[in-house]
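Student: I would like a close look at one part of this model. Please take the helix packing and the aromatic rings around it, then carry on to whatever else in the backbone deserves a look.

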Amino acid sequence: MQPTSKAAKPLATPRLIRSITIDRCSNFTSGGANGNDINLLSQLYKARTSSEEFISLLVFSVPDLKRISFEEAIQQEFRPTRLGEWFGPSWATHWFHVQVRIPNEFAGEEVHFIWNADNEALVWSMDGTPIQGFTGGGKYDRDFGRWNQDHLGYRLTVFSIDKKLEAMLATKMACNGMFGAGNGLIGPPDPNRFFNLNELDLAVPNKLAWKLLYDFQIILGMSRDLPQDSLRAAQALHTANRIVNVFRAGDDRTLEEGIRIASEFLGAKNGDSQHVITALGHCHIADGIPTPFHPPDTAWLWPFDETIRKAGRSWSTQIDLMDRYPDYTFVCSQAQQYEWVKDNYPKLWERIREKVTVGQFNPIGGTWVEMDCNIPSGESLVRQFLLGQRFFEEQFGKRCTVFWLPDTFGYSPQIPQLILQADMKYFFTQKLSWNNINKFPFTTFWWTALDGSRVITHMAPSETYNAQCTPEELIRTVRNHRDKEYTNSSLLVYGNGDGGGGPLAGMIERLKRMENVDGLAKVKMGSANEFYENIEKSGAELSSWKGELYFELHRGTYTTHAITKRYNRSCEFLLRELEILATLSMTADPYSFIYPKSEVERFWKMVCLVQFHDVLPGSAIEMVYDDVLRMHTEVDTLGTVMRDDLLDTVLQLDPNISEGKKGLAVFNSLCWPRTEIIEIPLAEGLPTMKQYSAFGRTGYALVQDVPAFGSRGYLLQETPSFTPVTFETDRNNNIIIDNIYIKATFDKSGHLVGLRDKAGNGRELIKPGERGNVFTMYEDVPLFWDAWDTEIYHLEKGRQVEKGSVQILEQGPLRVSLLIEKTISETSRLRQIVVITAISKRIDFETELDWNENRQFLKVEFAWNILTDQVTYETQFGTIQRPTHYNTSWESAKFEVVGHKFADMSEYGYGVALLNDCKYGYAAHENVVRLSLIRSPKAPDPNCDIGHHVFKYAVYPHEGHFLQSDVVAEGFKFNVPLLSRVVSTAKATALSDPISHFRIEGAPNVVLDTIKRAEDSDDVILRLYEAYGGHATARLITALPIKSIHRCNILEDEQGEPIYVNEVPTEAVATNGRRGVSSFSTNLRVLDDDVVEMQQQAQSQAQAEGALIEIKPFEIVTLKVNLRT
C-alpha cells in the first residue's frame, strides 16, 4: 500500500546543500541572475505598456541650472519628448507634463505609473500638490530585488482615467543621482553627467507576486543570517526551497501555494522573553535654508538648493505611505527642513500637519539642523535648540523630547545639560558604532554631562539609521545589544537616507511579517517617545558614561575647510557683540529703540545652518562652500555694519566729529576689565602716538582698565607708565625679546628656543635641545574618507620645516615684532609676525599661509618643560582633560582631538596655554602640544583649502596650575578685540569715568558670556557658566535698574520664584532706607516725596549690592532680568 501525501515518506532527491540552495533561492528574487525572466521578479506586474498611445510626454528644460516653482513651470512652453532621451547636464532641472490614458484592458485594476531616469523626481497633481517622490538608479540586491523598486512607481488609481499628471523632475532630474553627481560615493561632482529616461510605463501589479516576494525575503533572510546550526535557519531554508519548487511563471495558482507555504513558516510565534524592537521610519537628509543670493541651500554631495526638493520628494512619499498604512510612523528632525516645506510646498505642509496631529508624522530632535557638535560654540548650540524648539512649538503646539543626532562626528560633554535645559529628556545616536579602534561598551545608558546632568541615551544596536527592514538587521540588533542584562528593547531606524527618500512600502511590508516570528526579535512600529518612556518606567538599572562621547573616526573634520571654520568663529563672536550692544541700546532707550530681532534671528539661522554636520566639518562638495562663503560674508558684512552703528548708539556718538583734537572711546564686550595695547587708525587730531606700526598706517596705544561690558574714554596725551619691551641679538644670531614678565629667544629660522618667566626663580619653559613654533608636515592619506579622516599612521610620516628667515619688524617700546618667512614646500609659503607687548606674557603668532598641497597636513608644535598626564582643552561651556600618553587603545585613539580657544598643559605651580583664533584640532604627547593648521584632502572637494589663509595662535605662560589661572579669560581676550572709536576730546573726557553695564564679582571662575533681549519680551537674558569645575557664588552687579531676576532654561522658561527682587513697597521702607524691614510705625508721618526718596535710596543700595548667583561646577545658568522702566 502506497503512503498518503501526509504520511512520512523517503526523500526522493539528494539532501539540500546549504550554500547551493541559498544561491538558488537568491536567484529567485534577483533581477540580474540567470533565469531572471522566469523568476519571481518577472511576475511582479501582470500587464505593462510604454506605448505613446497611452503616455504623452512633454518637457521643459529649465535654462542656466535655475530652479523654478510649479506655478512658474506650468506657464512655460513644453516640447515633446519620449522614452530613451537623455537629460542633463548635472544639476539641471527638467519639468515634464505627463498625460496618461488607462488602457481598456487595465480597467478595474490598480495601475502604477513607473518612471526611472536613474535620478530623482517628484510627481505633482495638476492643482500643484506634490504627491510622491521617485528615486531612480536602483541597484539589484541578491535577496531583495531592486531595493528601491517602490520608489519608481506611483499608483494612478487615485485618478480618473482621463486625469492628467504633472511630474516635476527637479534637482535629481536636474540631474544627479541620490548621492550627487560624483564618481563613487565621495568623488567630486562631474558637471557633465546626463541621465537616460529608461523606464516609462503604465503597469498593473500582480499583488500575489508582491505578497510572496515580501514573504520570501523574510524566509530567505532568516535561512542565511540565523546561525547555521539553528533549527529555524534550517526550517527557513527548507521552506524557501519548497516555494521555489512550487513556483511556475505565469501561473498565479503557484503564487497562492507559495504564500500558503510561507504563512505556515511565518505563523510560528515567539516566546515572551524575546527582545523587543521598536521600528521608526526615518529619512536622513542633509540640510539648508533659503537665502537672498540663492534659492534654498543644502549640505553634502549636492548643491545647497537641492535639499529643499529632497525634502519635498521624501516627505510627500511618506505621507502617501501613511495613507496606505495607518499604523506607520515616521520621525523627522531639523526644523529648517520643516520651514522649507512650509514655505515652498504649502499643500504638502497641510498634509504634514494633519499627520502630526494623528501621531504618524513625528517631529523629533528639537534643533534647527542636525549640527556638528565639535566646532560650534556653546552659545551656537543653545541657539540650535532655541530656534528648533520654538519652531516646533509654534507650528505644532508641542516641543520635542528626544534630541535626535544620528550622524555627527563626536558629542560635546555638555550636551546632556543642554538637552535638559532645552526641555528635553532623551538622546539618540548611532555614530559611535563607526569607531575604528574601540567598540563603545553601552547601548542604553545614562550619559552624564560635566555638571552631573544626565539623560537616557540609546544607540541603535543595528548600527545604522538607514536600515532596510531585513532579518539580518533584527539578528544584528540582538547580537550587538550591549546591555542585555538590564534592558530587553531597542530601536531600529529604517529608511533610505543620507540622500533622502525614506522608508519604502516593501520595508513596511517586511516589518509586518517579522512582527512576531519565531527565531527573530519581536518588532513593532512605534514612537521614539514611547520607547524612551518605557525604558524610564521600567526601573532598569543602566550604566553611566561621564563626559564627551569621543568619535574614533573623522578626526580630520576638526581642521578641514579652514576658511569655513574661521568665519564660523568670527561670526559667532560678531553676533555675540551685536546682541550685547543692541540690548544695551534697548535698555538705554526702551521707548524708541527698536531691537533688530528679525535681523539677528536671520543671522543666527544662517550661522546655525552652516553648522550642519557635513558642512562645518568640511566634508561637503566645493559648490556648497561657494554658498557657505556668501552666507558667512553676508553675516560678517551686514552684522559688522549693525554692530558698529549700535556701538555708536551705546557710546552716544555724534556722527559728525568736530575738528580739533581727538581722543579715543573704547568698549569692552567681555566680563573682565582689560588693560591692553590696541592698534588704532591714524586720524587728524590724534596726539603723537608712543609707537607706530611698521607700515606707518596705524599707531599703538596703551589703554588701562577698560571696564567689563563697558566703555571708557582716553585723551592719549600722556601714556601711562610702563616698562618698554626690548630686543637684542646674541652671538648665535638668536633674537631675544624681553619685557617685565618674560624673556623669549627665537633662532634664525623662527623657532622658539627659549622662554623664561621672570617671576620667582625664573622658570625656564623650554628644555635645552627642544623647541617651539616648529612646523611639521605630515603625509595625510586616510583609508577612504578623504575630507573626514586623518589616520593614526599619519604621525609616522612627518617632516619638520627647518629653514626660514627672521627679521625685526617693530622695535618697541609698546611692542616688538618679528617677521618670520618659511618655505613649507615647493608650492606652499608661510609668513608670520610674532608679537610681544610690554604688558603681557602672551606671545602672538599672526600667520599668513599660501597653501597648495595634495593630502598633506601642516601642524605647529611646542615642546614644554612641563610634566603632566593630562592636557586641558576648552569645550563648550567648560573644559575637558585628555591624556598625553598612549597607555591603552582608548588613549591612543585620541591621537587627534578637538578643542576651542585653548589647550593648556599644566603641572603643579605652572602651565602654558596654546591659544588660537579659528583652529580646532589639537594633539598632545608627553610634553609636546600640537595645533593642527591646515589639510589638503581631495574628495569630495578637490580644491579643499587650496589658497590663502590667515589665522593667529598664541602662547600664554602662567603661574599656577590651569585651575588657578586666568587662561579662560585670556582665550576670550585673544579672540575678542576691544572696540574703539576716534572721538572728540570732549567726548573722551565725558567717558573718562568708566561705565560698566554688567560685571561679575567674587567668582573668577564664572563667565558672563551672553547678553541678549528675551525672545518674547523686553526682559534681558544673561547666560553665565562656571568654567573651571568648582562651586561659585557670583555677585552680579549692573548699572541697569533691575526689578527682578528669574532663573530660566535656555528656552527662556522661568523656573520657580525669582532669585532676586528689588521692588520696595512704601510700607516696606524703613527709616534707614534698607529694604526688608517689615513696616513703618503706623504713627510715623512722612511726606510722599520723602517716601519716594527713601524707596529710591533702598533700591539704589540693593542695586549696588547686586544679586548673588549660586553656580555649581560647569553649570550653565540663564537669567531673565526684568528692568524697571
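Tutor: What follows starts with one helix pair and its rings, then moves along the chain.

The model is predicted. Start with helix H6, residues 307–324, and helix H8, residues 346–358. Their axes come within 10 Å and cross at roughly 45 degrees. H6 and H8 are therefore oblique to each other, since the angle is neither under 35 degrees nor in the range 65 to 115. The crossing of H6 and H8 is left-handed. On the H6 side, the contact is made by Gly312, Trp315, Ser316, Ile319, Met322 and Asp323. H8 contributes Leu348, Arg351, Ile352 and Lys355. By class, the residues of this contact divide into five nonpolar, two polar and three charged.

Now the rings. A pair of aromatic rings is described by the distance of the centres and the angle of the planes. The count for the model comes to 53 aromatic pairs. One of these aromatic pairs is formed by Tyr338 and Trp349. Centre to centre, Tyr338 and Trp349 are 6.5 Å apart, with 85 degrees between the planes. The pair is edge-to-face. Tyr338 sits in helix H7, residues 335–344, and Trp349 in helix H8. Eleven residues separate Tyr338 and Trp349 in the chain. Both rings belong to buried residues. Tyr338 has 0% relative accessibility and so counts as buried. Trp349, at 4% relative accessibility, counts as buried too.

The Tyr338 and Trp349 rings belong to a cluster. Ring pairs link them with Trp315, Phe330, Phe361, Trp368, Phe391, Phe392 and Phe396. Trp315 ties this back to the helix pair: Trp315 is one of the H6 residues in the contact with H8, and Trp315 is also a member of the ring cluster.

Turn next to another ring pair. The centres of Phe442 and Trp545 are 6.2 Å apart and their planes are at 75 degrees, so this pair is edge-to-face. Phe442 lies in the loop between strand S19 (426–429) and strand S20 (444–448). Trp545 is in strand S24, residues 543–546. The pair therefore ties together parts that are 103 residues apart in sequence. Phe442 has 17% relative accessibility, which is under 20%, so Phe442 counts as buried. Trp545 has a relative accessible area of 22% and is partly exposed.

The loop between S24 and H14 holds His554. At 2% relative accessibility, His554 counts as buried. What is His554 in contact with, leaving aside its neighbours within four places in sequence? The partners are Phe409, Lys431, Trp434, Trp785, Trp788 and Asp789.

Helix H14 leads to a second helix pair. H14 covers residues 562–588, and its partner, helix H16, covers residues 622–651. Their axes are 9 Å apart, and the helices pack at an angle of about 25 degrees. That makes H14 roughly parallel to H16, because an angle under 35 degrees counts as such. H14 passes H16 in a left-handed crossing. The residues of their contact divide into 17 nonpolar, eight polar and three charged.

Last, the backbone. A cis peptide bond joins Gly88 and Pro89, with omega about -5 degrees. Pro89 lies in the loop between strand S4 (86–87) and strand S5 (94–100). The peptide bond from Gly812 to Pro813 is also cis, and its omega is near 10 degrees. Pro813 lies in the loop between strand S37 (805–811) and strand S38 (815–823).

Phi values are the other backbone point. Glu463 is not a glycine, yet its phi is positive, about 65 degrees. Glu463 is placed in the loop between strand S21 (454–459) and helix H11 (471–480). With 22% relative accessibility, Glu463 counts as partly exposed. Phe877 has a positive phi as well, near 55 degrees, and is likewise a residue other than glycine. Phe877 is found in the loop between strand S42 (870–875) and strand S43 (878–883). At 3% relative accessibility, Phe877 counts as buried.

Methods:
Residues numbered from 1 in each chain as written. Predicted model: local features only at pLDDT ≥ 70, side-chain atom pairs only at ≥ 80, totals over all residues. Heavy atoms only, no water. Axes fitted to C-alpha atoms, helices over the stretch in contact; angles between N-to-C directions. Helix = DSSP H or I, 4+ residues; strand = E, 2+ residues; numbered from the N terminus. Parallel < 35°, antiparallel > 145°, perpendicular 65-115°, else oblique. Left-handed = near helix turned anticlockwise from the far one by under 90°. Contact = heavy atoms within 4.5 Å. Nonpolar A, V, L, I, M, F, W, Y, C, P; charged D, E, K, R; others polar. Phe/Tyr/Trp six-rings, centres within 6.5 Å; stacked < 30°, edge-to-face > 60°. Buried < 20%, exposed > 50% of the residue type's maximum accessible area, 1.4 Å probe, protein only.
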